[in-house]
Amino acid sequence: MTTERTRRFIATTIEVEGREETKVVEIPDRTLSPWTADQQLNVVGKPVRRVDAPEKVTGSAVYTSDRTARGLLHAVLVRSTIPHGRAVRIDLEPARAVRGFVDAIVFDDLPKDGKPIRAGGVRFLDPGISYAGHPLACVCADSMRAARAAAHAVRIEYEPAPFAATAARATEPGAPPVRPKGGNISRSSPMVCARGDADQGLAEADVVIRGQYRTPSALHSAMEPHGAVCEWHGDQLTVYEGTQGIFAVRDEVATALGIPRSRVRVVMDHMGGGFGAKNHAAAHTYAAAILARRTGRPVRCVLERAAEQSDTGHRAPSTIDVTLGAKRDGRLTAILVEAVVDQGISGWEASVTKIFHELYACPNVRTTETFAYTNTHAMAAFRGPGHTEGAFALERSMDELARDLGMDPLELRLRNYADHDQEKSRPWSGGDLRRCLEEGARRFGWNWGSNWGQTPISNGSNWGQTRISTEETSHTPQPGNSALTPIPARIRRGFGLAAQVWPAGGGPPAYATVRIHADGSIDVLTGTQDLGTGARTIFAQVAAEALGARVEDVRVVLGDTERTPFAPNSWGSMTTPSVAPAVRMAAEEAHERLLEAASEITGIAPECLTIRDGMIIPSAGAPAVPIAEITRKLGEVTITGNGSRGPNERGVGLMTFGAQFAEVEVDTWTGVVRVIRLTAVHDVGRVINPLLARSQLEGGIIQGLGFALFEERVIDERLGLPLNAGLHDYKVPTMADIPEIDASCLDTVDTVANPVGARGLAEPPIIPTAPAIANAVADALGVAVYEIPLTPWRILAAFEGSQTIN
Amino acid sequence: MELLVNGQRHEVTPDAIESLADTLRERLHLTGTKVSCARGECGSCTVLADGRVVYSCLTITNACAGVAITTIEGLAAPGALHPMQRAFIDHDAVQCGFCTPGQVLAAVALLSEIPVPDESQIRRAMSGNLCRCGTYPRITQAIRAVSGQDTAP
């Protein structure tokens, strides 16, 4: 961070969720020297307990839906029951007759000055319907029960239109137009990205493998549904919203209502999970704000579960055609990909092909990606968007290639190790996939070459042969190797691995303030959010470290646009790498001021004082004094420090890496897959809190397990309606599904990425889980699997297909 | 009717089919009981009825006369922690925390029925409480710790 000292405001590029954004950044006055690997740190790196856990285990933590107020009204959105067409008449009279009804809004009641409000990719309350679940009206009443009854009483006359509920349908010739304007594919489609000459690379290959892979629409399914409580005091609006971005919601609400940002306060204290679906204001936010203004009463609008599962975003389904070419020794010569992504009615373009350019060394890569629109609700970022889908296709293909080459899948990956960013010809800031693979293999006991698949077979491949096992399990042979067919067994065991890359360097702007009160207690203020990630705890540790304070004396105040300075949305695994350096800088400034004060009060030179564990310690043997002893003497003069996040280093790629290994058992009679154990090793730079890091790794892995085995939103293609909009039919993992998980991070520090040395951790662990499991299933069955989730019928179909061939 | 919650008697007049979850949250302001699905799919609203696990979203308040209800707020004295709450903190069995009250109560009920549950008993008893953050391995550790079984931190 030594460039452009002469200018205060410069443009910088940061990578969020795999997309690059250019931002103006204010160069901080202060520079921080990185906390290096051998630096003695007292609080950072320690398994400090989650600071807000006591509130959460006692039920005293207040979430959005727990907010109440005198005269609170409850609001319910009325939604379309057809996927495409028009609401020609919305009759609110039956709703008005419901006891407790207070008010209702439709499109015509919205302010007509200024641009129409957009929510979820469509005009808010637009009678032109573009998906099932599209909000058409909002009613509010004295009680939740009355509001629900009134919402059910609203009568809507529809004029249906032809629709397309899948990307395949939407991109067919003669498909009905999905949206009011523009075609059924995005303006940027087809998006081609290439380096080298992929066709030439393919011609040079000794081995070529091809496959078409499919990933489902997965739903975030946070336990707390989306919700907002809105309250007006004069012309000042307060929005309590469980959001990943308080400033984004503030700006969007202010713009929608045509009021200054300074008149909108957004508060997020605790939220029940986000996973990417809660980055913006949405229909419920606007409905609550507008109804609160109309009625003069506070309004709460919290989605019911069915709405949560059908109109709050989803991971976009994808179809990915992969061709890999390689030399006999395993080196990739070409990667060709054609992908179609089903955005739903709208959404940003989360590339499923980007990972093909990043993960492995290959001189010739060409990807073509089409983003199709369909009459289903809009996609939203979902933990590792794009890469998670792409990793399934890429890592399954790599295993198919290994099988063709007769090569250990681990060895194939090591031979194609990418030691730099090939797209931009620049080094990584840090991070080492090779070490993740090797360390993961060691912890897992990956031993493909020796005691697995020992029997040599004619074509040189030793894949898929009987492995040594004490249990009553065995392996299917390759098609064509019937001479070596082992005894069929009901339960098959298999092993698989997959790797991951993900941009998680964060970036500016982000600000923090640290205040030390007269009694020695400390506030850290920063406008970020704790989604359950542990951000509060992490920043308490960083501030305590930089100040020399005790972590229990630090209180972190987040999530309030009026009280806390700006920090970015909590997305793209960027909260820690963006905000922690700002917190550290603020704490260092406060540390310096505190030393000055201590020096003037004690008469000891500041360079002869250190602060540790809340004590100010003179070097010359004089007694140590608590911080409070100094601050008390200052009275109301408050020691304050401000910090901001400086720009990212230029000319480096900020990436996380990881590898996961899976062992599964597949029941060939029922098609049920049971994951026995998973080993994960990730490189995310410095781990600020190993206790919380392990939790977040496990959380990502468990969501990845759901993506691999169970999770799939189903839309009836003939009706255009979601069929499983609930937590019973949309299956998320339960306690009964959890394997033994060994999740860890490499002990590394990324001093290039930022002065704290940490990259992000939230998204990386979900990315390799599904392909690792799918590879293990393919290994167990001896057949390729091309589609997730690996539900019993897919397993049985794949397995029976292979038996027929035999 | 009279409703006995956390050892206190409350006079309430619920609607005919009002759920216990709504009564607890909206009338008694005991918002530690969370509602996530409101149809018995997720376990967030778990409370104890005479010591046994019930989904309060599917429990009709009017059917609770004479039943001792325990919510997360009543599990320990104010300012104190039940050993299960302590273990959830120590083992980091909490991320977003929204399912946590239900998880803690389900775990307490499990141990009152089976003091030293094995892994399959824990899986069976806890699989009605969903956690989207994926704290399941930590919850298992917390339950094992409270039941005196060996746990690596």
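Biologist: Why are H6(A) and H7(A) called oblique to each other?
Modeller: Helix H6 (residues 246-257) and helix H7 (residues 283-295) of chain A pack at an angle of about 55 degrees. Under 35 degrees counts as roughly parallel, over 145 as roughly antiparallel, 65 to 115 as roughly perpendicular, and the rest as oblique. H6(A) and H7(A) are therefore oblique. Their axes (lines fitted to C-alpha atoms over the stretch in contact, with angles from 0 to 180 degrees between N-to-C directions) are 11 Å apart.

Biologist: Before we go on, what kind of model is this?
Modeller: A predicted one: local features need pLDDT of at least 70, side-chain atom pairs count only at pLDDT 80 or more, and totals for chains, interfaces and linings use all residues. Residues are numbered from 1 along each chain as its sequence is written, while chains are lettered from A and ligands numbered from 1 in the order in which they are written.

Biologist: Is the crossing of H6(A) and H7(A) left-handed or right-handed?
Modeller: H6(A) passes H7(A) in a right-handed crossing, the label used if the near helix is turned clockwise from the far one by less than a right angle; anticlockwise would be left-handed.

Biologist: Which residues meet there?
Modeller: From H6(A), Val249(A), Val253(A), Ala256(A) and Leu257(A) meet Thr285(A), Tyr286(A) and Ala289(A) of H7(A). Being in contact takes C-beta atoms, placed from the backbone, within 7 Å. That gives 6 nonpolar, 1 polar and no charged residues. Ala, Val, Leu, Ile, Met, Phe, Trp, Tyr, Cys and Pro count as nonpolar, Asp, Glu, Lys and Arg as charged, and the others, Gly among them, as polar.

Biologist: What makes chain A as compact as a globular protein of that length?
Modeller: Chain A has 18 helices and 32 strands; helices are DSSP runs (H or I) of at least four residues, strands (E) of at least two, numbered from the N terminus. Its radius of gyration is 28 Å, close to the 28 Å from the globule rule for 806 residues, so chain A is as compact as a globular protein of that length. The radius is taken over C-alpha atoms, and the rule is 2.2 Å times the number of residues to the power 0.38. Along the principal axes, the C-alpha trace of chain A spans about 90 × 80 × 50 Å.

Biologist: How do you know that chain B is as compact as a globular protein of its length?
Modeller: Chain B has 5 helices and 5 strands, in the order β-β-α-β-β-β-α-α-α-α. The radius of gyration of chain B is 15 Å, close to the 15 Å that the rule gives for 153 residues, so chain B is as compact as a globular protein of that length.

Biologist: Which domains does chain B have, and where do they touch?
Modeller: An automatic or database assignment sets the bounds: domain 1 (2-74) and domain 2 (83-146). Their centres, over C-alpha atoms, are separated by 20 Å, and 15 residues of domain 1 of chain B are in contact with 12 of domain 2 of chain B. On the domain 1 side, strand E3 (46-49) and strand E4 (52-55) of chain B each give two or more residues.

Biologist: How many residues join the two chains?
Modeller: 42 residues of chain A are in contact with 37 of chain B. H16(A) gives the most to the chain A side, with 7 residues. That side divides into 19 nonpolar, 14 polar and 9 charged residues.
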